[in-house]
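Please open the model in your viewer and keep the selection box handy. We will go from stop to stop, selecting a few residues each time.

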Amino acid sequence: MSWALKLPLTDEVIESGLAQDFDASLSGIGQELGAGAYSMSDVLALPIFKQEESNLPPDNENKILPFQYVLCAATSPAVKLHDETLTYLNQGQSYEIRMLDNRKIGELPELNGKMVKSIIRVVFHDRRLQYTEHQQLEGWRWNRPGDRILDLDIPMSVGIIDPRANPTQLNTVEFLWDPSKRTSVFIQVHCISTEFTMRKHGGEKGVPFRIQIDTFNENEAGEYTEHLHSASCQVKVFKPKGADRKQKTDREKMEKRAPQEKEKYQPSYETTILTECSPWPEVTYVNNSPTPGFNSTHNTFPVAEGNGSPNHQPEPVIQAADNLLPTATPQDAQQWLLRNRFSPFCRLFTSFSGADLLKLTREDVIQICGPADGIRLFNALKGRVVRPRLTIYVCQESQQAWEQQPKHENGDAAANTFFVYHAIYLEELTAAELTEKIAQLFNISPRQINQIFKQGPTGIHVLVSDEMIQNFQEEVCFVLDTMKDDTNDGYHIILK
């Protein structure tokens, strides 16, 4: 009986003791958190949480990326966990990049059956070098004339259409491809990481590069300006076979480490997956500038009556008309830079007005833009025009009567007669170029001029050749006479 009476008391004691212990535990936790030593804001500020937060997609949505790019080169085993992968490449070796369609069924249906445009570029990983990228590339161009930083291995590539390599952008290539078809592009990187180190005494670590791919969709106007996806990876480029030796060295170092140390490093993967990133800032200028071959057929200049030469730039006088005025606003200055093919420097001169640019000295411009583009920009700012190789003056024979003044009472008309001559500027010093220039003057097609002759001794007609034009004296004057060709609708031109 006593046991029966004591059991409930014991249960109550036990229950009350447990409750007190649990409350004490909770209160203790609350006191520790309340003390500020382990506040939630401090915990979230730890590097591991920052790393995870940076990898989250926008708006915390686990969205599926439309494309995936895979570089077929092994990653380094000497990269710590949570760090970005690093891949070693050999200079000039062809590496495959697989362009994969990662869309789900029904996702982005507007891309079905259409081409997309991808731009691959090799850029600097370090922010310091990104700010001086143009100067770095110009210096590389100066030391390696005729070479490119990035090339496409077109024979090995599969599924790419209309590949392009802009001669003015040594680190960029672009092409079209169909996401529904197998596409692999092979690239070659011709610069090495140590070429851009500050000091070159031997044994320096090379600077890392980034291989970035930006993909665009075609808009209603037929231009590839709608951004779809961008991804990049970190690489270092070595001299031939140097990447293989570096990979082997890293692997041997990892094998010598203790098992606990190995757990702090990533394993080496056979391929490198490019991770999502922001579009490259200069993509806007690349796509807004006219790129031959993507919007229509190649640029051609139909030779019609009154039109300019199909193969030559306008005359120097026309080029000099687009001078930058001191009153130009920063927006006007940006448009002037774009019109004159200085788009890579628009970002540098964002806040510069016309007066600011015109105040720059030759040394200032060269230091900012590099020697090649700096001299070109300085000459454009000062309105300097390239002097033609040869200038000749011509007058149509029929104009002699048109410009003749009425005779005076004494019958003297010779002193009151003048002729109007037109200047022709020649750059190539060829008969074909002279034909085109004269056709512009007569407002006819060059095809209507069959031959050009020069009146020689005793009135003979000497056929004008390239060698004859090259021996013309500077600012020589000719009177042009035309003679109808009886065999067709063309004309013969005679220089007198």
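A residue is called buried here when its relative accessible area is under 20%, exposed when over 50%, and partly exposed in between, using a 1.4 Å probe and protein chains only. This is a predicted model, in which local features need pLDDT of at least 70 and side-chain atom pairs count only at pLDDT 80 or more, while totals for chains, interfaces and linings use all residues. Residues are numbered from 1 along each chain as its sequence is written, and side-chain values use heavy atoms, with hydrogens and water left out.

**Stop 1: charges on β4**

Select K117 and E174. Their side chains form a salt bridge with an N to O distance of 3.5 Å; the term asks for a side-chain nitrogen of Lys or Arg within 4 Å of a carboxyl oxygen of Asp or Glu. K117 belongs to strand β4 and E174 to strand β7 (residues 172–177), so named because strands (E, at least two residues) and helices (H or I, at least four) are DSSP runs numbered from the N terminus. The two residues are 57 apart along the chain. K117 is buried at a relative accessible area of 3%, and E174 is buried as well, at 7%.

Now add R121 and D214. This salt bridge spans 2.9 Å from N to O, joining R121 in β4 to D214 in strand β9, 93 residues away in sequence. Both partners are buried. The whole structure contains 14 salt bridges.

**Stop 2: aromatic rings**

Stay with β4 and select F124 and F196. Their ring centres are 5.0 Å apart with the planes at 80°, so this pair is edge-to-face. Rings of Phe, Tyr and Trp (its six-membered ring) pair if their centres lie within 6.5 Å; planes under 30 degrees apart are stacked, over 60 edge-to-face, and the rest tilted. F124 is buried at 2% relative accessibility, and F196 is buried at 5%. Add F209 to the selection, and you have a cluster of F124, F196 and F209 linked by ring pairs.

Where else can you look? The structure holds eight aromatic pairs. One of them is Y88 with F238, edge-to-face at 5.4 Å centre to centre and 85° between the planes. Y88 lies in strand β2 (residues 86–90) and F238 in β10 (residues 224–238), so the pair ties together parts 150 residues apart in sequence. Y88 is buried at 8%, whereas F238 is partly exposed at 23%.

**Stop 3: the six-stranded sheet**

Next, show the strands as ribbons. An open sheet with mixed pairing runs in the order β14-β13-β17-β18-β15-β16; two strands pair if DSSP finds at least two bridges between them. The edges are β14 (422–426) and β16 (461–463), each with a single partner strand, so one side of each has no neighbour in the sheet.

Zoom in on β13 (residues 390–396), which runs antiparallel to β14 and is joined to it by five bridges. I392 has I424 of β14 as its bridge partner.

**Stop 4: the end of β17**

Finally, select K484 and Y491. The charged end of K484 sits over the Y491 ring, 5.7 Å from its centre (the rule is NZ of Lys or CZ of Arg within 6 Å of the ring centre and within 35 degrees of the ring normal). Then pick D481 and K496, whose side chains meet in a salt bridge of 3.3 Å, N to O. D481 is in β17 and K496 in the segment after β18. K496 is partly exposed, at 37% relative accessibility.
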